Amino acid sequence: MNNRLYGNLIFELSVEGRKGYSLPKNQFGNYQLPEEARRKAELELPQCDELTVVRHYTNLSANNFGVDNGFYPLGSCTMKYNPKINEEMAVMPQFQNIHPEQPESTTVGVRTLVEQLEKALCEITGLAHFTFKPYAGAHGELTGLMTIDNYHRQKGDLKRKKVIVPDSAHGTNPASAAVCGLEVVEVKSLSDGTVDVDDLKRIVEEQGEEIAAMMMTNPNTLGLFEKNIPAIADLIHQAGGLMYYDGANLNPMLGVCRPGDMGFDVMHINLHKTFSTPHGGGGPGAGPVGVREGLQDFFPFVSPYQGNFGVMVKAYAYILSLGKEHIAEVGPLATLNANYIKESLKDVYELPIATNCCHEFVFDGLKDKSTGVTTMDVAKRLLDYGYHAPTIYFPLLFHESLMIEPTENESKQTIDGFIEVMRAIADEARTNPQVLKEAPHNTPVGRVDDVLAATHPVVTYKALVEDKES
Ligand SMILES: *Cc1c(COP(=O)(O)O)cnc(C)c1O
């Protein structure tokens, strides 16, 4: 409805000369900006009155789906439970209006918060120091790998340029290693989804003196706990390498076990995943990096300031509001919810790895492959029923991956509702596959052409107009 009245794009509502605000007359005489700072062409902005702008964006926001609208079982991002109190803390003016160049005497409070957060993270992870400069998980990986690279170089160990990464790893792991100038060596997974220790032994025997580090995610990208970490850590340490922990999936471990105790030397935490902060749209994030005692001397320079402070406030509020005793309940509850969904649906969806999972798990599409219905169709149909789709086509180990993560705070009623809908979709796949092929039917926009969007992106209004004309 809003589309007809208010248009799809703010540019289409523009009327020459229309304004939302009028600025007062300049009282300070004419200041001439230096020539090089002056605009050469007119700004191409839409011209709209205030009500049009407000209604346009309010209506757009109502087309969005978020955790505040409904169930959001998106896997691999851990933690979409973002308690509202954290948001309230982060927007307190004392936190929100802080400036990085403020005199130190005025920032005692915020620095104390960062110190306290560091203490809490050290206790949770079993590591000794954290740097808060990285802006997200991938930035944390790069910072951590640079720390490891600096450590080997300082020792004169210049040959160590290889990083072992499991084939199940998140794509950012090999990417960060490459950006850091290191070479990736892939270690295989067993059919149960965990690292193949024999394959690792072979790599260490052949290339031990060149190994800088091994990166591991635990629970791994399939939501499985890596049981052989002590043996793996021994292998790598004996070869002279360091152990890196990708902490993006830390939440089922909270208060239960600690990367530092398992033999990891360096890790990053995605504060925006494990410790709240809405993660949609790609940000904001914070990827603090923790290290074992002594390694803090090798932190690289990655940013002049302390990362995204608001994310730290939310993380600190989250930790404090749970407290030491309740933080250990997060993981078991998330794990219970994930296993409950997995067991309730495994007769109609293909479960490639049937062991107990942690906070998330992966189906490989529908069990009945004869219907021709794909994971994409299931995901699109879920939107019709008012559910956000799970993560699809990731991890890459399976063709029809459907990765489901319910998080710890969802009620049994909500989860049962989701199970019912997933079963209804499996029924439809048999009785009326066409309805799935053409889904979604009830959303403001139907099925979009993903391939066209990727191969022929049109991201400005000007480009859109030119595109239409040509
Ligand atoms: C999300 C994720 C990352 C990358 O983190 P960003 O904050 O998105 O940069 C790395 N590893 C794993 C396992 C992840 O889930």
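This passage describes the predicted model of the protein, from its overall dimensions to selected residues.

The structure is a predicted model, in which local features need pLDDT of at least 70 and side-chain atom pairs count only at pLDDT 80 or more, while totals for chains, interfaces and linings use all residues. Residues are numbered from 1 along each chain as its sequence is written, and side-chain values use heavy atoms, with hydrogens and water left out. The mean pLDDT (the predictor's confidence in each residue, from 0 to 100) is 92, and 97% of the residues reach 70 or more. Over residues 1-6 the pLDDT is below 50. Beyond near neighbours in sequence, this stretch has 10 contacts in the model, a contact being defined as heavy atoms within 4.5 Å. Where pLDDT is low, the predicted coordinates should not be read in detail.

The protein contains 17 helices and 10 strands. These elements are DSSP runs numbered from the N terminus, with helices being H or I of at least four residues and strands being E of at least two. The radius of gyration, taken over C-alpha atoms, is 25 Å. The globule rule (2.2 Å times the number of residues to the power 0.38) gives 23 Å for 470 residues, and the value for the model is close to this, so the protein is as compact as a globular protein of that length. Along the principal axes, the C-alpha atoms fill a box of roughly 70 × 70 × 50 Å. Of the contacts with a separation of 6 or more, 70% are between residues 24 or more positions apart.

Buried residues make up 46% of the 470 residues. Burial is assigned by relative accessible area, with buried meaning under 20%, exposed over 50% and partly exposed in between (1.4 Å probe, protein chains only). The accessible surface comes to about 24000 Å², and 55% of this surface belongs to carbon and sulfur atoms. Areas were computed by the Shrake-Rupley method with a 1.4 Å probe, and for residues only the protein chains shown count as cover. There are 41 positive and 61 negative side chains, and the centres of the two sets lie 3 Å apart. In this count Lys and Arg are positive and Asp and Glu negative, with His and the chain ends not counted. Each charge is placed at NZ of Lys, CZ of Arg, CG of Asp or CD of Glu.

Two buried residues illustrate the contacts formed between separate parts of the chain. Ile164 lies in strand 2 (residues 162-166) and is buried, at 0% relative accessibility. Leaving aside neighbours within four places in sequence, Ile164 is in contact with Val185, Val187, Leu200, Ile203, Ile211, Ala213, Met214, Met215 and Ile236. The C-alpha atoms of Ile164 and Met214 are 4.5 Å apart in space, although the two residues are 50 residues apart in sequence. Asn173, in helix 7 (residues 172-179), is likewise buried, with a relative accessible area of 0%. Residues up to four places away in sequence not counted, Asn173 touches Glu141, Val165, Met215, Thr217 and Asp246. Met215 is thus listed among the contacts of both Ile164 and Asn173.

Further C-alpha separations concern residues with some exposure. Leu60 lies in helix 2 (residues 50-62) and is partly exposed, at 38% relative accessibility. Leu60 and Asn8 are 52 residues apart along the chain, and their C-alpha atoms are separated by 8.7 Å. Gln238, in helix 9 (residues 229-238), is exposed, at 70% relative accessibility. The C-alpha atoms of Gln238 and Lys25 are separated by 73 Å, with these positions 213 residues apart along the chain.

Most residues other than glycine have a negative phi, and most peptide bonds are trans. Tyr393 has a phi near 55°, a positive value, and lies in the loop between strand 9 and strand 10. At 30% relative accessibility, Tyr393 is partly exposed. Pro395 is placed in the loop between strand 9 (391-392) and strand 10 (401-404), and the peptide bond from Phe394 to Pro395 is cis, with omega near -5°. A cis peptide bond also joins Ala439 to Pro440, with omega near 5°. Pro440 is in the loop between helix 15 (433-437) and helix 16 (450-455). Ser276, with a positive phi near 65°, is found in the loop between helix 11 (271-274) and strand 7 (289-291). Ser276 is buried, at 1% relative accessibility.
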